[in-house]
Amino acid sequence: MNSPLSIIISREYLERVKRKSFIISTLLVPVFMVALMVAPAALMLLSEPETKAVSVIDQTGKIAQRLHGNGEVTFATSGAQLDSLRQNHDVDVIIVAEADAIDRPQTAITVYSRGSLGIATDSYITSQLNRAIEDVRLDAYNMGNIRQILREVEVDCSYPAIRLDREDESASSSAVSYGIAMFLDMLLYMFILIYGQMVMNSIIEEKNNRVLELVVSSVKPKTLMLGKILGIGSVAITQIIIWAVIIGACTIWVTPLMGEAVASDPETMAMFSQLSDGSFLASLLVYTLLFFIGGYLFYSAIYAAIASAVDNIQDAGQLSSVATIPVILGVVASMSVINNPASTLAVWVSIIPFTSPMAMMARLPFGVPFWQIAVSMAVLYASFMFLIWLCAKIYRVGIFMYGKKPTLLEIIKWAKYK
Amino acid sequence: MDHILQAHDICKNFVGHTALDNVSVDIPRGKVYGLLGPNGAGKTTLIRIINHITAPDSGTVTFNGHRLTAADVPNIGYLPEERGLYKKMKVGEQALFFARLKGLSKADATKSLREWFDKLQISDWWDKKVEELSKGMAQKVQFIVTVLHKPELLIFDEPFSGFDPINAAVLKREILELRDKGTTIIFSTHNMGSVEELCDCITLINRSRNILSGGLHSIREQFAGHNYEFTFIGNPDMLAGALNPFGSNFTLGAIDADGNATATITCADSQAARPMLAAANEAVDIRAFRRIMPSMDQIFISAVESYNSSNPAKQ
């Protein structure tokens, strides 16, 4: 534990972990996240479902009895006139079906409502009207067993999707893969933005504190950069582990409250069953972790290079879009990659190091040929090493240029200086 | 002479600006070497090159007989002019961090840090945060961090800025003690008083060039001329008459409370001193006689001005 690298890592790590702001944010963020998860469910449980009273003025005499209410809508046939119903504030919705409503429903049916109906209620009323009119029309054909025939020909086609390129032929649900991919992408995006900028700020802070010449006369810039990136990376891992534990614990505590909502959701259940597939999960986990770490390393090195080239946080703010834009591009590209994980575009964006971590997050849950994973990872980690080397050079030249930007020639010359 | 460090023919250009133009310095081992020069002359750039922070465009730096490499950096202690500390860290932790970066083990570093903290009477700062310290207090910590790992060569860039006279004296004492133990010290400053007190040799850099180099005594000798001062009791006119054949510019000073008068005279060469003193002795009561040596301030100004007037600035 006495190499300069480990000393820098431990300083970066301990300095951050001991700060009050770290402790507070580490404890508060999961609370907010759990609150976000629970709030909608809790609100639904607490608030009484609102029932819309619908009065139907049915001049056909055939529609009203075929409308069936649910929890949110109740239908009632009314003999009253429209004008008098309008005065009745117990009635939320009035449906007027004129005599020729069966033949020309588009023009002969009018719906009046007090305030906005809401999408769910609106579509429910529409579907009830459609069904009722269809029913009346079917009756008009007078075919005795037509309903039974219709029931018999109805199909619900849900099929098991089996991967030909996998030896174990495990079934994979693309909905679950999609979910995992989106989740991982968002997580990586946040991770890079939060902790990459932390690396940037840490380097700029040293410049502002005038401490950097003391540091640079004790340690190589490359070691300093690497130490900062790894130290802050460890902070990130610590924070995420704590978050995971807290969120996990809260979820277990909260689940009974949400109870049925989760258990009855078939997609959620499918996700859980998918996740219990051991070998798939293990390789997914390992590769995901490697790309996650690689993505952090690559982008934090870019942030470090930006910080090396500027003197203050204002200049850095403008330059940091150099890092932010590719991250966003990567996330956007992976949206299209998710839809077509084996396309040529997908292969390329998952090899270019700027987008590869995000693209691979998107592709991995669908399964990626091993050679592509190997090439992508090699390119990513090699780029990281190159960037660290480069930004150590920029750092060294950047500090001592009296605020002038280093030229490419100078960076090359520096690279040769032993 | 044994040189710990030799920098030869160093050139360094920044965009549109030459920082060092063919500068050579030879730093003798075990001496305090003053690096002087007006603001922006290139001193700090030279120090950074010696310290392996910046590379020269051309020229060689030799350390202990071999080419300076990154591996020599641990043998050099550098107190930069632009210095700061991590604000949020505690003093002791921070000193320990830098000491360990220089390669000391945690136990060794703690032990010698405690000794130095005691020596400079700052032991009770160990658990304070740096942001609570004054500038001078932080400087003491930085000084300790610089010398703690006992490097062969120490480089101090304006070490006394921010210090009160008492603490500056403490620091000077420590610097001389380090020299007496065999450490070589490069010392860059604008404070000529401290140069006279501390330096054995100096180099004066002006407009990116080394315009004056050598031992402090020989340089003062070189700039001294043949000016002499008499402190005497007696008739000034008698003295003036007696000295007339030996020199020019006879100037009479004020008479102090005890009746001592002073007079100065400029001679053509040092040959005149002995017969002049004999003649003066006949004329008045001589209390003191000395050759007037120029102060470093005067040498600095006259060297820089004569260089600048004979080399008008390029546009």
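In this predicted model, A:T121 sits in helix α5 of chain A, the stretch that covers residues 119–141. With a relative accessible area of 9%, A:T121 counts as buried, because the cut-off for that label is under 20%. Once the neighbours within four places in sequence are set aside, A:T121 is in contact with A:K52 and A:V73.

Now for the place where the two chains meet. Chain B puts 35 residues into the contact, and chain A puts in 29 residues. The area buried between chain B and chain A comes to about 3,300 Å², and carbon and sulfur atoms give 56% of that area. Three residues stand out on the chain B side: B:I53, B:Y86 and B:L101 supply 20% of the area that chain B buries against chain A, more than any other three residues.

Charge plays a part in the picture too. Side chains of opposite charge can pair when their charged atoms come close. Across the interface of chain B and chain A, one salt bridge turns up. The partners are B:E93 and A:K18, with their closest N and O atoms 3.5 Å apart. A:K18 comes from the loop between α1 (4–17) and α2 (20–46) of chain A, while B:E93 belongs to helix α2 of chain B. How buried or exposed are the two ends? A:K18 is partly exposed, at a relative accessible area of 49%, and B:E93 is partly exposed as well, at 32%. As for polar contacts between chain B and chain A, the count is two residue pairs, with both residues at pLDDT 80 or more.

Two elements of chain B, α1 (43–50) and α2 (91–101), each give two or more residues to the side that touches chain A. Of these, α2(B) gives the most, with five residues. Sorted by class, that side of chain B has 16 nonpolar, eight polar and 11 charged residues.

Aromatic rings come next. Over all chains, the count is 15 aromatic pairs. One of them joins B:Y86 and B:F97, whose ring centres are 6.0 Å apart and whose planes meet at 70 degrees, so the pair is edge-to-face. B:Y86 lies in the loop between β6 (76–79) and α2 of chain B, and B:F97 lies in helix α2 of chain B, so the pair ties together parts that are 11 residues apart in sequence. Both B:Y86 and B:F97 are buried. B:Y86 thus appears twice in this account, since the same residue is among the three that supply 20% of the area chain B buries against chain A.

Another aromatic pair, B:F230 with B:F289, is tilted, with 4.8 Å from centre to centre and 40 degrees between the planes. Here B:F230 is in strand β11 (residues 227–233) of chain B and B:F289 is in strand β14 (residues 285–291) of chain B, so the pair ties together parts that are 59 residues apart in sequence. The two rings sit in unlike surroundings: B:F230 is buried, with a relative accessible area of 1%, whereas B:F289 counts as partly exposed, at 28% relative accessibility. Over in chain A, A:F191, A:Y195, A:F292 and A:Y296 form one aromatic cluster.

Back to charged pairs, this time within each chain. The count over all chains is 25 salt bridges. In one of them, A:K228 pairs with A:E206, and the closest N and O atoms are 2.7 Å apart. A:K228 lies in helix α9 (residues 221–258) of chain A and A:E206 in helix α7 (residues 174–208) of chain A, so the pair ties together parts that are 22 residues apart in sequence. Both ends are tucked away from the outside: A:K228 counts as buried at 0% relative accessibility, and A:E206 is buried with a relative accessible area of 1%.

Chain B has a salt bridge between B:R29 and B:E152, where the closest N and O atoms are 3.5 Å apart. This pair links distant parts of the chain, 123 residues apart: B:R29 is in the loop between β2 (17–28) and β3 (32–36) of chain B, and B:E152 is in the loop between α4 (135–147) and β7 (153–157) of chain B. B:R29 counts as partly exposed, at 31% relative accessibility, and B:E152 counts as partly exposed, at 30%. In chain A, salt bridges that share partners join A:R11, A:E12, A:R16, A:E206 and A:K228 into one network.

Terms used. Residues are numbered from 1 along each chain as its sequence is written. Chains are lettered from A and ligands numbered from 1 in the order in which they are written. Side-chain values use heavy atoms; hydrogens and water are left out. Contact means heavy atoms within 4.5 Å. Buried area is the accessible area (1.4 Å probe) that two parts lose on being put together, summed over both. A salt bridge is a side-chain nitrogen of Lys or Arg within 4 Å of a carboxyl oxygen of Asp or Glu. A polar contact is a pair of N or O atoms within 3.5 Å; within protein, one must be able to donate a hydrogen and the other to accept it, and residues adjacent in sequence count only if both atoms are side-chain atoms. Helices (H or I, at least four residues) and strands (E, at least two) are DSSP runs, numbered from the N terminus. Ala, Val, Leu, Ile, Met, Phe, Trp, Tyr, Cys and Pro count as nonpolar, Asp, Glu, Lys and Arg as charged, and the others, Gly among them, as polar. Rings of Phe, Tyr and Trp (its six-membered ring) pair if their centres lie within 6.5 Å; planes under 30 degrees apart count as stacked, over 60 as edge-to-face and the rest as tilted. Buried means under 20% relative accessible area, exposed over 50%, partly exposed in between (1.4 Å probe, protein chains only).
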